[in-house]
Amino acid sequence: MEFVFSSLTYLLLLVLTAVLLFLIRDELKTKQVENNVDRLIDAPAPKSWPILGHLYLMARYKVPYRVFDEIMADLGSVFRLDLGSVPCVVINGLQNIREVLMIKGDHFDSRPTFRRFEQLFKGDKKNSLAFCDWSQLQKTRRELLRAHTFPNATSNMYVRLDKCLKTELAELMDTIGALADTGCVDLKNLLLHSCANTFLSYFCSTRFSNTYDRFREFVRNFDEVFYEVNQGSAGDFLPSLTPFYSWHFKKIRTWSSKIRNFMETEIFNKRKVAWVPGTKPVDFVDNLLEAVMQPDRDDGFDLDIGLFSLEDIIGGHSAITNFIVKTLGFLVDRPDIQRCIQEEADAVVRASGTCVGLADRPLMPYTEAVVFESLRLIASPIVPHLANQDTSVNGVRIPKGTTVFLNNYSLHMSPELWENPEHFSPERFINAEGRLYKPDYFIPFSGGKRSCMGYKLVQLISFCTIGTLLNKYTLMPVEDVSYAVPKGNLALPYVTFPFRLRPRKK
């Protein structure tokens, strides 16, 4: 009995010792965290002006983000800017950006609220894919879209996208071929309608004639919206100016309303009536209807949210078209690069007997490198994040509610990372073995759980479009037209530079 009692006593003492050690370790960790918080420094800031804060600094450059390099040289890689009434921090350097996107992604997964953008989404940013805060609803939407926006190369969706692309690009080539004069072609207009039909056929199993007035207005409205969200506005940071933007807000709401009306009357309502529960989904509209009709949903996903998701993703056609036209603007004065693309395209077309398709990507690394180089040089900014709690980056205190700008512009234009960064050189994305190479400091689409949902489509559609176009034509400049491609911004005006297209003799 004494032996049993002694064993139990020792066992109890061992357990108590373990618990005591655990509590001591936990207390030490708590004190360490408190000490780390105490050691945080406030973000330094340049001199500000009353009311405007640091907005005056942003106006000093044609590409506002260039001022970040100047400030970083004086204040370090994390600094504060007060843009009007909005407290902001700018995060520079790959490791710091990764800390925001990856290591502390949960601390920075919200978005700032801009009333101008809310006009597109019935005054509520939660209706947007890109501008909403992170939530279970956002997670649901992204999961619903993933199979369609990130199609695996062996999936039915990949085959479907390839078929849609080939159909629309063949139609585009026929349209261009029928032009009486290819000496001054409004390629953006043609590409907008072609890309819109690619999206509509892929996501909605429908397409429209380029001569249909409602479709043309639909495409124009989307492009106006895309241009709008890519422009800076003092009113975003100075709420006192809001009354002066009432007319502009009304215009934005009109674009949004007309887009919704087209989506409902021309596409969604017809599909909803024809939809049969339990049938195998064919496209995103089928998946959307299936999700909306599920009973007892607790994530807030309903028909209205579903329609906003559909509109958001269809609107991606405008982003891709603007990107392609900018890329062509880089190429128009570079016949050497055009020839490299044409050599790759000619080889795969001769081998297949058809046209450039998604399956040809491994055989056309230079064409894919052109897409990467254009993304780098355009250096479109990452959508701002918002700190949803008191946190830090690289030892610098970031208070809750701070708007966070991630300076990918400097990453993509740094002479320390890229040789001759202002020069368009696709070769920088080709390795010694002749394969496509993507360095880790190239992050055009952000990263983590708030990464761009459409970035794979940008690569796939741009590749096929550029390869197909240059297989048939050589781009040449129109006399007296400037092809200075704007940087630090993805959007072009609806009416932009035309191109001369010379048919190739093969």
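Me: Let's start with the accessibility words: buried means under 20% relative accessible area, exposed over 50%, and partly exposed is what falls in between (1.4 Å probe, protein chains only). What makes Cys-355 partly exposed?

Reply: Its relative accessibility is 28%. That value sits between the 20% and 50% limits, so Cys-355 is neither buried nor exposed. One caution before we go on: this is a predicted model, where local features need pLDDT of at least 70 and side-chain atom pairs count only at pLDDT 80 or more, while totals for chains, interfaces and linings use all residues. Residues are numbered from 1 along each chain as its sequence is written, and side-chain values use heavy atoms, with hydrogens and water left out.

Me: How do you know that Cys-355 is in no disulfide?

Reply: A disulfide here is a pair of cysteine sulfur atoms within 2.5 Å. For Cys-355 the nearest cysteine sulfur belongs to Cys-464, 7.9 Å away, so the pair fails the cut-off. The search of the whole structure comes back with zero disulfides.

Me: Why is the pair Asp-304 and Lys-122 called a salt bridge?

Reply: The term asks for a side-chain nitrogen of Lys or Arg within 4 Å of a carboxyl oxygen of Asp or Glu. Here the N to O distance is 3.2 Å, so the pair qualifies. Asp-304 lies in helix H12 (residues 303-314) and Lys-122 in the loop between helix H5 (115-118) and helix H6 (136-149), so the bridge ties together parts 182 residues apart in sequence. Helices are DSSP runs of H or I with at least four residues, strands are E runs of at least two, and both are numbered from the N terminus.

Me: What does accessibility say about Asp-304 and Lys-122?

Reply: Asp-304 has 25% and is partly exposed. Lys-122, at 60%, passes the 50% limit, so exposed is the right word for it. Both residues also belong to a network of salt bridges that links Lys-122, Arg-260, Asp-304 and Glu-311.

Me: What makes Glu-217 and Lys-258 a salt bridge?

Reply: Their closest N and O atoms are 3.3 Å apart, and that is within 4 Å, so the label holds. Glu-217 sits in helix H9 (residues 213-229) and Lys-258 in helix H10 (residues 246-274), so this bridge joins parts 41 residues apart in sequence. Glu-217 is partly exposed at 35%, and Lys-258 is partly exposed at 40%.

Me: Where do Arg-220 and Glu-224 lie?

Reply: Both are in helix H9, four residues apart, about one turn of the helix. Their side chains form a salt bridge at 2.9 Å, N to O. Across the whole structure the search finds 30 salt bridges.

Me: How do you know which strands are at the edges of the sheet E1-E6-E5?

Reply: Two strands pair if DSSP finds at least two bridges between them. The sheet is open, with three strands and mixed pairing. E1 (41-42) and E5 (391-393) each pair on one side only, and that puts them at the edges. E5 pairs with E6 (residues 396-398) over three bridges in the antiparallel sense, so the two-bridge requirement is met. Within E6, Ile-398 is the bridge partner of Thr-391.

Me: What makes the residues of the largest nonpolar core a core?

Reply: A nonpolar core is a set of buried Ala, Val, Leu, Ile, Met, Phe, Trp, Tyr and Cys residues joined through side-chain atoms within 4.5 Å. The largest has 130 residues, and Ile-314 is among those touching the most other members. Helix H8 (residues 187-204) gives the most to this core, with 11 residues. Apart from it lies another core of 18 residues, including Val-89 and Ile-443.

Me: Which residues does Ile-314 touch?

Reply: Contact means heavy atoms within 4.5 Å. Leaving out residues up to four places away in sequence, the partners of Ile-314 include Phe-199, Phe-203, Phe-218 and Met-263.

Me: What is said about Cys-452?

Reply: UniProt, in an unreviewed entry, places the feature "binding site" there; such annotations may be inferred rather than shown by experiment. In the model, Cys-452 lies in the loop between helix H16 (408-413) and helix H17 (455-472). At 33% it counts as partly exposed. Beyond its neighbours within four places in sequence, Cys-452 contacts Phe-150 and Phe-445.
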